[in-house]
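User: I am new to reading protein structures and would like to go through one slowly, with the reasoning spelled out.

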Amino acid sequence: MTTNHGTTPLLEVRNISKYFGSVIALQGVSVAVNAGEVMCLLGDNGAGKSTLIKILSGVHSPSEGEYLVSGEPVHFASPRDALDRGIATVYQDLAMIPLMSIARNFFLGSEPTSGWGPFKRFDIGYANRVAKEELMKMGIDVRDPSQPVGTLSGGERQSVAIARAVYFGAKVLILDEPTAALGVKQAGTVLRYVAQARARNLGVIFITHNPHHAYAVGDRFTILKRGRTLGAFTRSEISREEVVRLMSGADELDALSHELEFLSERDAQDAQFSSTLSQTELEMAAKLD
Ligand SMILES: Nc1ncnc2c1ncn2[C@@H]1O[C@H](COP(=O)(O)OP(=O)(O)O)[C@@H](O)[C@H]1O
Ligand SMILES: [Mg+2]
């Protein structure tokens, strides 16, 4: 299957559904991401974003639908299977150990060793050198890769996780709300690395509910709502204002403000009514309380 660009997507799902008992978390969702492209997945809480990325990253199997990697159907039994196919997911609560060094965290689970048998050691010199170099390639200058990861800011820690995924051969990078807990400047740092990953020809799936962060780096936008695709747009098809409007739930806000207006009118009527009560009536009511 090819897209209109004539390229096979790195990753694609077609008509994916996911049921948890009677809960329909996803229904008939299709998304694709190409190399060198940032696909933003937008949607309110409960829209199904996390469920979708858990399917993409091998945590859940879909109840229905197809999953293709570089055009080939896949059935992942675990996140390891997805990782082996180059699909790396950076979760919001990063799997990092704050007291361990940047270099140690960079190689967590894939430690380089020197020597053999009982003389086998974690090669710290090599780890420090590679971690520093790789972070430098992403534009992150850590003077000392042996300093604890806990001394880095939230944005820098996200960046280490991204650089690590890139180094270990990720083709697709899935980022679940990496900017959600960050301030403006820190979020900017992470957005820069998202753009860096794209420049290195990765496909990036960027989950956020901040439309400004999405529009800053997104090439394509998929909007989920209550488990369904509300729309899929390329950058040329949608303006920043439209992304903001779709994301803000502007229609629902209109309905809400209508309801609030109605309530405040009723409050005003109630207030008028109580002002007509006599003083003695109010005193009696107070005693009853
Ligand atoms: N393991 C689960 N068991 C039952 N329901 C779930 C499970 N995971 C998610 N859901 C439900 O699926 C829907 C989508 O959730 P989720 O994918 O977490 O949304 P989002 O990440 O967009 O906030 C929600 O109604 C949620 O309660
Ligand atoms: Mg979520």
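User: Is Phe-106 buried or exposed?

Analyst: This is a predicted model, in which local features need pLDDT of at least 70 and side-chain atom pairs count only at pLDDT 80 or more, while totals for chains, interfaces and linings use all residues. Residues are numbered from 1 along each chain as its sequence is written, and chains are lettered from A and ligands numbered from 1 in the order in which they are written. A residue is buried if 20 or more other C-beta atoms, placed from the backbone, lie within 10 Å of its own, exposed if 12 or fewer do, and partly exposed in between. Because Phe-106 has 26 C-beta neighbours inside 10 Å, Phe-106 counts as buried.

User: In which helix does Phe-106 lie?

Analyst: Helices (DSSP runs of H or I, at least four residues) and strands (runs of E, at least two) are numbered from the N terminus. Phe-106 belongs to the helix of residues 102-106, which is α3.

User: Which strands stand at the edges of the open sheet?

Analyst: Two strands pair if DSSP finds at least two bridges between them. The open sheet has four strands in the order β2-β1-β4-β5, with antiparallel pairing. Each edge strand has a single partner strand, so one side of each is left without a neighbour in the sheet, and these strands are β2 (23-33) and β5 (72-73).

User: What is the bridge partner of Val-13 in β4?

Analyst: Strand β1 (residues 11-20) pairs with strand β4 (residues 64-69) in the antiparallel sense over five bridges. In β4, the bridge partner of Val-13 is Tyr-67.
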